[in-house]
Amino acid sequence: MSSAQARLESLWQRGREFLGTEFAIMGGAMSWISERNLVAAISNGGGFGVIACGSMTPELLKAEILGTQALTDKPFGVNLITMHPLLDELIDICGELGVGHVVLAGGLPSASSIKRIKEHGAKVLCFAPAVAFARKLVRSGADALIIEGTEAGGHIGPVSTSVLVQEILPAVSEVPVFVAGGIGRGEAMLSYLEMGAAGCQLGTRFVCATECIAHPNFKQAFIRAAARDAVPTVQVDPQFPVIPVRALANQGTRRFIEYQHEVLARFKAGELDQKKAQLEIEHFWAGALRRAVIEGDVENGSVMAGQSVGMVTREQPTAEILRELVDQALSALAARDSASVFA
């Protein structure tokens, strides 16, 4: 084993052991995209695939888990949305089918949800948007944390990955912390590992994987796009919080602004309470994303993408993407070794 390989093994050993994988690289859970084919391909390639449950029913999630298990015997996880009305049933499905890791997303999870997952024997990963939340989640029993910066695709927070890691990594050592948002190359992955991350999570980079079922139009939109094309949606009323979504600008993102106005008018007229209004807005994204990913309508649908989309230049097998990321990290480490010899 080269010194570069030994160093990388040491840097992500904690993450690898936690996930049970060759590489401490998680696949970001992307609705309609992170289904059995891509999830199994990531796990078979040495990474850690994660099923995006999204708005699935328990029956649909059960079928997806079983389908993934038929394609891989490697570890993989399931991402559950905390606001799902059937969250407890979804957790029980994961437990029944022996899912080893559950990711809770879409809001601060309750201690009872975390406890329910752990009672099934699974490990719990939660998203931490700030140090205070990170500490609270660890106290609540989270086994690992994910910190995701605003560069990511889909639903995003306001703080960049580079700032979040400086705030959270030095403050949290009790559990492994995985870093996500804007990561497209192995050198960036390496830098976060050296700052104390246990591993990294990438989503956008896997959209153009050969095994990904996304429509060819969706993949071509990614290949053509530059980083600056992936922009966050606008919140039309500061009194009515809507989590921004990063996607490629198109007619669909413009339609979302109009839709917010329509839902707000119904809310102000007393037709909807705030929770139902916010759920309607979330349902807009579920439908718009399906139109783009599955049907290929990349003008009127939602083309959710992170800013690393500019580094997606072609369709590749998943295993090749993973190997490329690892080789980039190893090359950076080897270059340092060579420089030190001649210094």
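# Exercises on helices, salt bridges and a pocket

The buried residues of α6 are covered by elements that include α5, β4, β5 (123–127) and α7 (131–139). This is a predicted model, where local features need pLDDT of at least 70, side-chain atom pairs count only at pLDDT 80 or more, and totals for chains, interfaces and linings use all residues. Residues are numbered from 1 along each chain as its sequence is written, and side-chain values use heavy atoms, with hydrogens and water left out.

## Exercise 1: the two sides of α6

Task: find which residues of α6 are buried and which are exposed.

Solution.
- Step 1. Fix the terms. Helices (H or I, at least four residues) and strands (E, at least two) are DSSP runs, numbered from the N terminus. Buried means under 20% relative accessible area, exposed over 50%, and partly exposed in between (1.4 Å probe, protein chains only).
- Step 2. List the buried residues of α6: S113, I114 and I117.
- Step 3. Check their directions. They cover an arc of only 100° around the axis, so they sit on the same side of α6. The arc is that of the directions from the helix axis to the C-beta atoms.
- Step 4. Turn to the other side of α6. There S112, K115 and E119 are exposed.
- Step 5. Look just past the helix. G121 takes a positive phi of about 90° just after α6.

## Exercise 2: the buried face of α5

Task: state where the buried residues of α5 lie around its axis and what they pack against.

Solution.
- Step 1. Take helix α5 (residues 87–96). Its buried residues are L87, L90, I91, I93 and C94.
- Step 2. Look down the axis of α5. The buried residues fall within an arc of 155°, so they line one face of the helix.
- Step 3. Find the partners. The buried residues of α5 pack against α4 (58–71), β3 (76–81), β4 (101–105) and α6 (111–119).
- Step 4. Step off the end. Just after α5, G98 has a positive phi of about 75°.

## Exercise 3: two buried residues

Task: describe the surroundings of V102 and E64.

Solution.
- Step 1. Place V102. It lies in strand β4.
- Step 2. Read its accessibility. V102 is buried, with a relative accessible area of 2%.
- Step 3. List its contacts (heavy atoms within 4.5 Å). Not counting residues up to four places away in sequence, V102 touches V78, L80, C94, I117, A122, K123, V124 and L125.
- Step 4. Take one of these, A122. V102 and A122 are 20 residues apart along the chain, and their C-alpha atoms are separated by 6.8 Å.
- Step 5. Move to E64, in helix α4. E64 is buried, with a relative accessible area of 10%.
- Step 6. List the contacts of E64. Neighbours within four places in sequence left aside, they are E35, R36, I51 and M56.

## Exercise 4: salt bridges

Task: count the salt bridges, then work through the pairs of R336, R255 and E271.

Solution.
- Step 1. Start with the idea. Side chains of opposite charge can pair when their charged atoms come close.
- Step 2. Apply the rule. A salt bridge is a side-chain nitrogen of Lys or Arg within 4 Å of a carboxyl oxygen of Asp or Glu. The count comes to 21 salt bridges.
- Step 3. Take R336 and E194. Their side chains meet in a salt bridge at 2.6 Å, N to O. This pair links distant parts of the chain: R336 is in helix α13 (residues 318–342) and E194 in helix α9 (residues 186–194), 142 residues apart. R336 is partly exposed at 43%. E194 is partly exposed at 32%.
- Step 4. Take R255 and E258. Their closest N and O atoms are 3.3 Å apart. Both lie in helix α11 (residues 251–268), 3 residues apart, about one turn of the helix. R255 is partly exposed at 30%, and E258 is partly exposed at 43%.
- Step 5. Take E271 and R266. In this salt bridge the closest N and O atoms are 3.6 Å apart. E271 is exposed at 57%, whereas R266 is partly exposed at 30%.
- Step 6. Find a network. Salt bridges that share partners join R205, R314, E320 and E324 into one.

## Exercise 5: the second largest pocket

Task: give the volume of the second largest pocket and sort its lining by class.

Solution.
- Step 1. Define a pocket. On a 1 Å grid over the protein atoms alone, a pocket is an open set of points where a 1.4 Å probe fits, with protein on both sides within 12 Å along at least five of seven lines; lining residues have an atom within 4 Å of a point.
- Step 2. Give the volume: about 220 Å³. Grid points are joined across faces, edges and corners, and a volume is the space filled by probe spheres set on the points.
- Step 3. Name the lining: M83, P241, V242, I243, K275, Q278, L279, I281 and E282.
- Step 4. Sort it. The lining has 6 nonpolar, 1 polar and 2 charged residues. Here Ala, Val, Leu, Ile, Met, Phe, Trp, Tyr, Cys and Pro count as nonpolar, Asp, Glu, Lys and Arg as charged, and the others, Gly among them, as polar.
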